[in-house]
Amino acid sequence: MPEEKGFSVRQDEPIWITGAAGMVGAALTKHLQTAGYTNLLTPARSELDLCSADAVQDYVSQHRPKHAFLLAAKVGGIVANINDPVGFLDENLRLVVNQLSACAKAGVEKVLLLGSTCIYPRECAQPMVEDSLLTGPLEPTNEGYALAKIAGLRLAQSYQKQMGMKCVLPMPCNIYGTGDHFDLARCHVLSALVKRFSDAVDQNAESVTLWGTGSAKREFIHVEDVVRGMLHLFDAETDGQIINLGPGTDVSIAELAGMIAEQTGFQGQICWDTTRPDGMPRKCTDNTRLKQLGFEPRVSLNDGIARTIQEYRQTLSNNPYSANAA
Ligand SMILES: NC(=O)c1ccc[n+]([C@@H]2O[C@H](COP(=O)([O-])OP(=O)(O)OC[C@H]3O[C@@H](n4cnc5c(N)ncnc54)[C@H](OP(=O)(O)O)[C@@H]3O)[C@@H](O)[C@H]2O)c1
């Protein structure tokens, strides 16, 4: 496996990063700052609401980015998606249309738009190849989010075809790691399990009850690998194709819970509330295209879990009340 090349964009060129306060955006911003990039445009939501077409248009025409990493989205786990289908479809559609249209009008050279493996059909053959896009109905619990992602990637491809704005379209599996939050009302499964089991150990709880049957299988990538992968793909010749970004291996939620329980030192019982939905039965990417482009993730799931547990413990010692939050 050849080591990926460095990021070829010049350090003084203006790069717009949306969602820079989020898990992926913050990791990318930090990585580029450390690498000496001096012209990063990273407005917070309070400075630029991406749902406002006029504000986005004004910002981009004023700052004239040469490249863009469009990472902002309304993101959430299964509970958040079920509770707010309007928000996940409406906001995500508006965000993506506004950002792409402003980039095209301002002549941005290359745009990376981060998608998701939620775009693939619920009954997709596993592992999921990129060509299975739009071959069947979507998973209903996150249909709005997935539809907005699909519309975004097709719009980006259309801008490339019709106007020559190059697009890079990675489709990451479940992302976790540094900068993820631990608010159970909206966090993702891995962080939720880290919080649940760490808190159970601290509280000497005898059991932890988790949603679903535990049989659903998921694939995870550490945010550090997402950053490396995005930069690698930005430089590669991807021809506007979608590219799965993941290790290509999955685990069941029960296995994941077991790994996290063991690493946190939890020795009680794990119970399953089978009245709760599992979501899609299996989601594992075929990452052949990614490997052909010369990239593979590095952080193993075990190491990534260990780091996430350590980071959660750190947030607790910084704020001892956060264990009781959400
Ligand atoms: N996390 C995953 O497992 C996963 C998996 C596959 C794909 N992705 C994709 O990866 C990207 C980054 O995800 P993430 O996990 O880093 O999410 P995140 O931590 O929730 O960050 C999302 C960012 O988008 C910003 N944002 C949302 N709506 C906005 C608006 N109207 N105006 C301005 N900013 C807005 C948020 O701002 P605030 O900070 O103000 O809320 C936040 O900074 C997203 O496109 C997501 O769809 C994530």
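A cavity is a set of grid points, taken over the protein atoms alone, where a 1.4 Å probe fits but cannot get out. In this predicted model, two cavities of 30 Å³ or more are counted by that rule. This briefing describes these cavities, one open pocket, and several individual residues, some of them annotated in UniProt.

**The largest cavity**

- The space in the largest cavity amounts to about 100 Å³.
- Its lining consists of Ala72, Ala73, Asn92, Leu95, Val96, Gln99, Leu113, Leu114, Ala148, Lys149 and Gly152.
- Two helices, helix 4 (85-106) and helix 5 (143-163), each contribute at least two residues to the lining of the largest cavity.
- Helix 4 gives the largest share of that lining, with four residues.
- By class, the lining of the largest cavity holds seven nonpolar residues, three polar residues and one charged residue.

**The second largest cavity**

- The second largest cavity encloses about 40 Å³ of space.
- Around the second largest cavity stand Asn174, Ile175, Tyr176, Asp180, His188, Val189, Leu190, Ser191 and Phe220.
- Strand 6 (174-176) and helix 6 (189-202) are the elements that supply two or more residues to this lining.
- Five nonpolar residues, three polar residues and one charged residue make up the lining of the second largest cavity.

**The second largest pocket**

- A pocket, unlike a cavity, is an open set of points.
- The second largest pocket has a volume of about 180 Å³.
- Its lining comprises 16 residues, and those nearest the centre of the pocket are Phe220, Pro247, Thr249, Val299 and Leu301.
- Phe220 also appears in the lining of the second largest cavity.
- Strand 9 (residues 220-222) provides three residues, the largest share of the lining of the second largest pocket.
- The lining of this pocket divides into eight nonpolar, three polar and five charged residues.

**Tyr145, the annotated active site**

- An unreviewed UniProt entry places the feature "active site" at Tyr145.
- Tyr145 is located in helix 5, one of the helices that help to line the largest cavity.
- Is Tyr145 buried or exposed? Tyr145 counts as buried because its relative accessibility is 11%, and the cut-off for buried is under 20%.
- Leaving aside residues up to four places away in sequence, Tyr145 touches Lys74, Asn81, Phe88, Asn92, Ser116 and Cys118.
- Asn92, one of these contacts of Tyr145, is also part of the lining of the largest cavity.

**The annotated binding site**

- For the feature "binding site", UniProt lists Arg196, Trp211, Arg218 and Asp278 in an unreviewed entry.
- From this set, Arg218 is included in the lining of the second largest pocket.
- Trp211 belongs to strand 7 (residues 207-211), whereas Arg218 belongs to strand 8 (residues 217-218).
- Trp211 is partly exposed because its relative accessible area is 35%, and this class lies between the cut-offs of 20% and 50%.
- Arg218, by contrast, counts as buried because its relative accessibility is 10%.
- Trp211 touches Ile78, Val79, Trp272, Asp273, Arg276 and Pro277, when residues up to four places away in sequence are not counted.
- On the same basis, the residues touched by Arg218 are Asn174, Asp250, Val251, Ile253, Asp278, Gly279, Met280, Pro281, Arg282 and Lys283.
- Asp278, which Arg218 touches, is itself listed for the "binding site" feature in UniProt.
- In this pair, the side chain of Arg218 reaches the backbone oxygen of Asp278 at 3.4 Å.
- Asn174, another residue touched by Arg218, belongs to the lining of the second largest cavity.

**Glu13, a buried charged residue**

- Glu13 is found in the segment before strand 1 (15-18).
- Why does Glu13 count as buried? Its relative accessible area is 9%, and the class takes in values under 20%.
- Apart from residues up to four places away in sequence, Glu13 touches Asn39, Lys66 and His67.
- Among these neighbours, Lys66 has a side chain joined to that of Glu13 by a polar contact of 3.1 Å.
- The side chain of His67 is likewise joined to that of Glu13, by a polar contact of 2.9 Å.

How values were computed:
Residues numbered from 1 in each chain as written. Predicted model: local features only at pLDDT ≥ 70, side-chain atom pairs only at ≥ 80, totals over all residues. Heavy atoms only, no water. 1 Å grid on protein atoms, 1.4 Å probe; cavity = no way out; pocket = protein on both sides within 12 Å on 5 of 7 lines; lining within 4 Å. Points joined across faces, edges and corners; volume = space filled by probe spheres on them. Nonpolar A, V, L, I, M, F, W, Y, C, P; charged D, E, K, R; others polar. UniProt positions renumbered as here; feature names shortened; annotations may be inferred. Buried < 20%, exposed > 50% of the residue type's maximum accessible area, 1.4 Å probe, protein only. Contact = heavy atoms within 4.5 Å. Polar contact = N/O pair within 3.5 Å; in protein donor to acceptor, adjacent residues only side chain to side chain.
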